[in-house]
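Colleague: I want to learn how to read helix packing, empty space and odd backbone geometry in a model. Can we start with the helices?

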Amino acid sequence: MSKLKEIYKTLSSRYGDLEWWPAESPFEVIVGAVLTQNTAWTNVEKALGRFEGNLSPERILNMPTEELEEIVRPAGFFRQKSRYLKAVTEWFTGCNCDIDLIRSAPLSSIRAGLLKVRGVGNETADSILLYAFNLPTFVVDAYTVRFFGRFPINAGNSYMEIKDFCERNLPKDAKLYGDFHALIVQNGKEHCKKKPECFGCPLEKSCEKKMEE
Ligand code: SF4
């Protein structure tokens, strides 16, 4: 079994199925992926709740900017994020909001298209591709970078290095990528924090060597 698969299994047996990404629809994932930039998920939930169950591409596009800003205010950077939301919604409606149509294109070209949208960087693009469209692309975030900076495995340092490493060493499986990312985040919140709390971490034994260096 590859080292990465072992890490996955160990984390999975500790934390179980974390059921990411919590959303009612692919469009809600898209909105959440923009809103979660530089903020905690609890703030995203507050902002999403202010749509009062009426979250659609049409509504976002037709809503006056000031109203959208007011709704997303709890997620922070609300002026910027409301502009980003309009932009990514335009991209989605440009694809007829048709998930099958989007999925029928090569992953690299959908990703390249998304990255051209204002406010969409690597992490937002990959979160949308993976969790909204169920496409096998590995998401790297601050927790992932921190984890691979500590665990004794040569995954690289940059976003693309870590992403490529994980994709090269795991089966191309969207469910696996989605679960794995969620597990890394969970372990990052519980143990692999800014100041690591290694005692009791499910990976304590396999990480020992690195931590002793
Ligand atoms: S043992 Fe420590 S450094 Fe290694 S993954 Fe766990 S918390 Fe992070």
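Modeller: Yes. H1 and H12 are roughly perpendicular to each other, because their packing angle of about 65 degrees falls in the range of 65 to 115 that counts as such. Keep in mind that this is a predicted model.

Colleague: Which numbers describe such a pair in general?

Modeller: Two packed helices are described by the angle between their axes and the distance between those axes. Here, H1 covers residues 3–15, and its axis lies 10 Å from that of H12. H12 spans 174–190.

Colleague: What is the handedness of the crossing between H1 and H12?

Modeller: Left-handed.

Colleague: Now empty space. What does rolling a probe over the atoms show?

Modeller: A probe the size of a water molecule shows where empty space is left. In this model, the largest pocket has a volume of about 730 Å³. Its lining counts 28 residues, and Thr-36, Thr-39, Glu-123, Asp-141 and Tyr-143 are the closest to the centre.

Colleague: Which helix gives the largest share of the lining of that pocket?

Modeller: H9, with four residues. H3, H6, H9, H10 and H12 each supply at least two. Domain 1 (3–19 + 138–212) and domain 2 (26–132) each contribute at least three residues to the pocket lining.

Colleague: How does the lining of the largest pocket divide by class?

Modeller: It has 14 nonpolar, nine polar and five charged residues.

Colleague: How many cavities of 30 Å³ or more does the structure hold?

Modeller: One. The largest cavity has a volume of about 110 Å³. Of its 14 lining residues, Cys-192, Pro-196, Cys-198, Cys-201 and Cys-207 lie nearest the centre. H13 (204–212) and H10 each supply at least two lining residues, and the largest share, three residues, comes from H13. By class, the cavity lining has nine nonpolar, two polar and three charged residues.

Colleague: Last topic, the backbone. What is the usual pattern for phi and for peptide bonds?

Modeller: Most residues other than glycine have a negative phi, and most peptide bonds are trans. Two places here deserve a look. Trp-20 and Trp-21 are joined by a cis peptide bond, with omega about 0 degrees. Trp-21 sits in the loop between H1 and H2 (26–35).

Colleague: And where is Phe-77 found?

Modeller: Phe-77 lies in the loop between H5 (65–72) and H6. Phe-77 is not a glycine, yet its phi is positive, about 45 degrees.

Methods:
Residues numbered from 1 in each chain as written. Predicted model: local features only at pLDDT ≥ 70, side-chain atom pairs only at ≥ 80, totals over all residues. Heavy atoms only, no water. 1 Å grid on protein atoms, 1.4 Å probe; cavity = no way out; pocket = protein on both sides within 12 Å on 5 of 7 lines; lining within 4 Å. Points joined across faces, edges and corners; volume = space filled by probe spheres on them. Nonpolar A, V, L, I, M, F, W, Y, C, P; charged D, E, K, R; others polar. Domains from an automatic or database assignment. Axes fitted to C-alpha atoms, helices over the stretch in contact; angles between N-to-C directions. Parallel < 35°, antiparallel > 145°, perpendicular 65-115°, else oblique. Left-handed = near helix turned anticlockwise from the far one by under 90°.
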